[in-house]
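Here is a short briefing to read alongside the model. Please keep the sequence and the 3D view open as you go.

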Amino acid sequence: MLYFTLFICFISSILLTPLVKKFAIKIGATDKPNHRKVHQKIMPRLGGLAIFLSFLIGYLIWQPSNPVAFPILVGAFIIIITGALDDKYELSAKTKLLGQIAAALVVVLWGGATVDFINLPFGGLLEFGYFSIPLTILWIVGVTNAINLIDGLDGLAAGVSSIALITISGMAIVMGDMFVAALASIVLASTLGFLIYNFHPAKIFMGDTGALFLGYIISVVALLGFKNITVVSLIIPVIILGVPISDTLFAIVRRLYNKQPLSAPDKSHLHHCLLRIGFSHRQTVIVIYTIAAMFGLTAFIFSMSTLWGALMVLAIMFIAIEVFVEIVGLVSQDYRPILNFVRGRR
């Protein structure tokens, strides 16, 4: 039954995307080029609506009985409305944030999807108590915005999200959590159908409708798949979402390093840096797909490692990220502490 549902989601997304494209153009939900955009012509946005409608069709066929399923759907409706309004009217950052918080509150307060405690690696239990709700909301809103921030090239956010969903679904199957596996797979099938139209050269953008929805749903399935477990395992969803999370964190570091406001827009995100050093549009997207897949593989290795093995994997990963960041100039062209140290030793 699940395979049939996934097939229907995939086909629905393929059929719905051209209709959504026409609708976006008709209502004026378009993205105009400017100094921060890579594209050179007006493009229809709102493509995420096709992903959501395909997901909704799959949800109705699947009809999950899990108590958190309906609150997730209600939160998704809130996110979709927020994203669609932004694609059409360009909402303020505060208004979009309120929409994200409202969606997160539905899942947390109604659905009960909170991280209440973690088992410490050397024994003992760390209970979050009253902090469990704000921490969970922070996670959902943070991941939602991280996915939104990487939506800068054709097929980038959709592809990276698909890789994350494959990893989450695969690990959920290994752990026997079929609800998370099925939910992630339905979103994955809907996203892959849309990606056919969104990969370079894109015919339609997912817009905030899609980026916010994918960020929201990925944050929730990752949370459900790895909540209330060991502190080491709690790092798994962070590794899976390594590309959007690290790009967001280094954007913060970059702005602090350059003494700029945290909200200041720039053209120094990962995809901008790769374009700047000579990669083509398509090559840049494929490179970032590869990095996302490596994060997914790292998450699998990490989950099967002993405590000390996991710590070693983390150490290697952090060093590799830092070296890569210095090479591509993600923080600044003169920010190269490790590379300068290595050259100094020579």
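The notes below cover one helix, one helix pair and two threonines.

This is a predicted model, so please read every value here as computed from predicted coordinates. A good place to begin is helix α3, which spans residues 69-89. From there we turn to the packing of α6 against α7, and then to T167 in α6 and T298 in α12.

**Helix α3**
- Helix α3 has 21 residues and reaches 30 Å from its first C-alpha to its last, which is close to the 30 Å expected at 1.5 Å a residue.
- Its buried residues are A69, P71, I72, L73, G75, A76, I79, I80, T82, G83, D86 and D87.
- An α-helix has 3.6 residues a turn, so residues three or four places apart point the same way.
- The buried residues of α3 pack against β1 (30-31) and against four helices you can pick out in the viewer: α2 (48-62), α4 (93-110), α7 (178-198) and α8 (207-226).
- After α3 comes E90, with a positive phi near 55°.

**Helices α6 and α7**
- Two packed helices are described by the angle between their axes and the distance between the axes.
- For α6 (residues 156-175) and α7, the angle is about 155° and the axes are 9 Å apart.
- That angle makes α6 roughly antiparallel to α7, because angles over 145 degrees count as such.
- The crossing of α6 past α7 is left-handed.
- On the α6 side, the contact is made by A158, G159, S162, L165, I166, I168, S169, A172 and I173.
- On the α7 side, the contact is made by V180, A181, A184, S185, V187, L188, T191, L192, F194, L195 and N198.
- Sorted by class, this contact has 14 nonpolar and six polar residues, and no charged ones.

**T167, in α6**
- Is T167 buried or exposed? With 6% relative accessibility, T167 counts as buried, since the cut-off for buried is under 20%.
- Leaving out residues up to four places away in sequence, T167 touches I240, G296, A299 and F300.

**T298, in α12**
- T298 sits in helix α12, which covers residues 281-304.
- At 19% relative accessibility, T298 also counts as buried, because that value is under the 20% cut-off.
- Which residues does T298 contact, leaving aside its neighbours within four places in sequence? They are I239, V313 and M317.
- The C-alpha atoms of T298 and L223 are separated by 18 Å, and the two residues are 75 residues apart along the chain.

Definitions and conventions:
Residues numbered from 1 in each chain as written. Predicted model: local features only at pLDDT ≥ 70, side-chain atom pairs only at ≥ 80, totals over all residues. Heavy atoms only, no water. Helix = DSSP H or I, 4+ residues; strand = E, 2+ residues; numbered from the N terminus. Buried < 20%, exposed > 50% of the residue type's maximum accessible area, 1.4 Å probe, protein only. Contact = heavy atoms within 4.5 Å. Expected span 1.5 Å × (residues − 1). Axes fitted to C-alpha atoms, helices over the stretch in contact; angles between N-to-C directions. Parallel < 35°, antiparallel > 145°, perpendicular 65-115°, else oblique. Left-handed = near helix turned anticlockwise from the far one by under 90°. Nonpolar A, V, L, I, M, F, W, Y, C, P; charged D, E, K, R; others polar.
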